[in-house]
Structures are given as structure tokens and as C-alpha cells.
Amino acid sequence: MVTYKQAGVDIDAGELAVEKMARYVRSTYSPQVLTGSHGGFAGLFQLDYPKGILRKAYRDPILVGCTDGVGTKLEIAIRMGIADTVGIDLVAMCVNDLIVQGAEPLFFLDYVAVGKLDPDKIADIVKGIAVGCREAGCAILGGETAEMPGFYRPGHYDLAGFAVGVVERRRLIDGSGVRSGDDIIGIASSGVHSNGYSLVRKIFLGRGRGGLRRRVPELGCTLGEELLRPTRIYVRPMLSILGRYRQKRPVHAICHITGGGFAGNLPRVIPSRCRAVVERGSWEVPPIFELIQREGEVPRREMERVFNMGIGLALVVSRHFTDSILEQLRRAELPAWRIGEIRPSRERDRRNGRVEMK
């Protein structure tokens with residue numbers, strides 16, 4: 001006789017994991033969540049409940065959805081034996097994409113896949129997801145934990161996240177208002193965020209550089225701690241800024257700087273008639289990027305193509321509102337700088353990606 005547990009799937013461990021994560025999930029619930037108990041087949045969310053930072057009630061709502069993961073940053077977490085921060089990354093990578101459209105996150109769903117289910121580790125992961133969701137103001141509406149014996153190496157797991165938000169049609173940010181003369185404001189990242197870790201791993205892992213637990217004076221912590229620093233979530237400060245200007249529309253585009261850097265992301269939010277000119281040296285580059293470049297002997301151009309280089313979110317704004325928005329970000333304790341401007345595009349810019357690093 002062969003049981004499911006002998007085949008590698010522990011149903012009891014799965015039930016225990018659901019029990020352990022339940023309090024974290026419930027901690028994210030808002031009155032809009034109609035789900036009676038955690039663990040059902042699907043979550044219920046009341047869309048027209050009059051609650052939110054930007055609205056009293058929806059009039060012409062547009063739903064916005066996105067999905068993302070944490071990538072190979074997970075290997076750093078696995079090697080460090082830390083599982084309660086990558087859940088924050090998972091939420092951040094999704095909700096930061098929602099705010100690019102001006103959307104307020106409503107709910108989040110997660111998918112966790114493991115080779116062997118460890119209820120405590122699953123609870124730690126979901127604990128991090130709950131922290132991220134509370135910071136972003138959204139509810140964990142559901143999720144899936146898949147135990148797949150023999151498919152993942154021992155101790156390894158993978159994560160995927162899914163977020164849904166809402167924005168009033170008239171307040172949708174789509175880049176159509178971007179024009180020559182607009183300023184580009186860069187908001188500081190918290191570090192590497194969750195992109196470029198394949199290059200990070202190649203540089204730092206298995207090359208006799210002291211490992212993830214070596215303390216790096218310029219970082220003020222161990223290398224592993226720095227590399228696991230959670231991705232910054234920009235939702236609340238950005239919603240606050242957008243909510244301040246109800247009649248005027250000073251924010252013409254928002255760009256989440258992820259893999260591909262400025263060159264790979266800014267063209268996604270500005271029209272083809274425009275190009276972005278980004279001024280190197282106009283913001284503070286965190287020491288971790290200097291360490292990566294130095295120890296990996298990575299060319300500057302390659303660094304700028306792979307990493308955020310210290311800017312996690314870029315705003316394209318009307319020049320008349322630049323100082324006001326920078327002041328609001330300062331009050332929110334978010335370092336930010338004017339890092340460039342929008343100019344008319346040229347034929348060579350259209351061929352080369354419409355982003356110039358000066």
C-alpha cells in the first residue's frame with residue numbers, strides 16, 4: 001500500500017500551514033472583503049464599498065490587474081534562511097505596477113510552490129506578504145500552496161503574486177499627457193529591489209568573495225542582509241500625491257524602474273513623440289551598486305541596463321508642480337530628486353530607445 005504522504009505530499013502539513021498563515025491573511029482584510037473564513041475556494045470582494053484614499057465611491061471604475069514574482073532573489077533568501085521578507089517583495093513588485101496607472105490596490109493573491117511543505121516556512125512567507133499588503137492597503141483575498149515532491153530541490157520554493165486595483169477613468173494615468181518640457185522626478189529605491197539577481201548571484205556566490213554573511217563596512221550590514229532588503233512600496237505616498245490634485249493633473253506618467261533600468265522602462269510610459277533625458281549624478285546611488293560594479297567589473301552601461309541604480313519610481317510631471325511634489329515626497333520621508341526632463345524625440349532617439357543618459 002502506498003500513501004500520498006509516501007509519494008511526497010503531506011496533506012496534514014498543508015492543513016497546518018493554512019492554520020498558521022490564517023491570522024496573517026485576516027490581518028489584511030478590509031470591510032470590502034466578504035469572505036467569511038480563510039481557506040475557501042475563492043474570495044469575495046465588494047467593489048462599490050465607499051472606502052479608499054482617492055474616492056468616496058466609484059463612478060466610472062477601471063479595474064487594473066498585474067502579476068509578478070521575486071525571481072532569483074529567492075536563492076539569496078534560501079541561502080540566508082530568511083523567508084519573511086520576500087513576501088514583501090512579491091507584493092511590492094505587483095502593487096508598484098498598479099500605481100503606475102494611478103490605481104489603488106484592492107486585493108492580492110499569491111501562489112507558493114514547494115518541493116516539501118514546511119508549515120513554518122510557508123507561514124513566514126505569508127507573514128511577509130501580509131506586511132506588504134497592509135503597507136499597500138490591500139487584502140489577501142486568496143492563494144495557493146502547491147507541494148510538488150521531486151520537482152524542486154530540497155528547501156527551494158517559488159513565488160508568484162497577482163494584484164487587482166481600481167482607478168476612476170478620468171484619473172487614469174496613461175502617459176498621453178506627457179509633453180516636452182516636463183520634468184522627471186526620481187524617487188529613491190531601497191536598494192536592488194527584485195531585479196538583476198542573476199547577475200548578483202554570478203558575482204557574489206561561489207567565487208571566494210566571503211559569502212553572503214560577510215559584513216561590508218560601506219553597507220553597514222552583511223551582504224546577504226543588504227541583498228534581502230525588501231523592495232520599497234510606493235503606493236500610499238503616491239496615492240496621497242495624486243489625491244492632492246483633484247482638479248489639475250500634474251503627474252503625466254509614472255514609471256516603475258525594474259529590470260532594464262531607465263532605458264527599458266521609461267519608453268513604456270512616454271509617447272513616441274518624446275524622449276527622456278536622465279542626468280547622471282543628480283541623485284544618490286546606494287553603495288550596493290558601487291559594490292556590484294566594482295567586484296563584478298561590470299561596465300556602467302551594463303549596470304544601467306540591469307539595475308534601478310537607486311531610483312525605484314520615476315514621475316513625469318508638469319514643471320510647474322515639480323517643487324510642490326518634491327516637498328510632499330520629503331514630508332513622506334521619501335528621498336527624491338529632479339533627475340531629468342522630457343524633450344522632443346529625434347529619429348535617432350526612436351532607433352535607440354528614446355532615453356538619453358547624460
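1. The lining of the second largest pocket in this predicted model comprises 10 nonpolar, seven polar and four charged residues. The space within this pocket amounts to about 320 Å³. Of its 21 lining residues, those closest to the centre are Asp97, Val100, Gln101, Arg268 and Val269.

2. Three secondary-structure elements each supply at least two residues to the lining of the second largest pocket. They are strand S1 (61–69), helix H3 (86–99) and strand S8 (251–256).

3. Turning to the surface, Leu109, Tyr111 and Phe162 make a nonpolar patch of about 220 Å². Phenylalanine 162 belongs to strand S4, which spans residues 157–168. Is phenylalanine 162 buried or exposed? The residue falls between these classes: phenylalanine 162 has a relative accessible area of 35% and is therefore partly exposed, given that buried means under 20% and exposed over 50%.

4. Where does arginine 229 lie? Arginine 229 is placed in the loop between helix H6 (223–227) and helix H7 (235–244). Its relative accessible area is 34%, so arginine 229 is classed as partly exposed, by the limits of 20% and 50% already applied to phenylalanine 162.

5. A further point concerns the position of arginine 229 relative to another part of the chain. Arginine 229 and glycine 191 are 38 residues apart along the chain, and a distance of 6.9 Å separates their C-alpha atoms.

Methods. Residues are numbered from 1 along each chain as its sequence is written. This is a predicted model: local features need pLDDT of at least 70, side-chain atom pairs count only at pLDDT 80 or more; totals for chains, interfaces and linings use all residues. Side-chain values use heavy atoms; hydrogens and water are left out. Patches are made of residues with over 30% relative accessible area and no salt bridge: like charges are joined within 9 Å, nonpolar side chains (Val, Leu, Ile, Met, Phe, Trp, Tyr) within 5 Å. Accessible areas come from the Shrake-Rupley method with a 1.4 Å probe; for residues, only the protein chains shown count as cover. A salt bridge is a side-chain nitrogen of Lys or Arg within 4 Å of a carboxyl oxygen of Asp or Glu. Helices (H or I, at least four residues) and strands (E, at least two) are DSSP runs, numbered from the N terminus. Buried means under 20% relative accessible area, exposed over 50%, partly exposed in between (1.4 Å probe, protein chains only). On a 1 Å grid over the protein atoms alone, a cavity is a set of points where a 1.4 Å probe fits but cannot get out, and a pocket is an open set with protein on both sides within 12 Å along at least five of seven lines; lining residues have an atom within 4 Å of a point. Grid points are joined across faces, edges and corners, and a volume is the space filled by probe spheres set on the points. Ala, Val, Leu, Ile, Met, Phe, Trp, Tyr, Cys and Pro count as nonpolar, Asp, Glu, Lys and Arg as charged, and the others, Gly among them, as polar.
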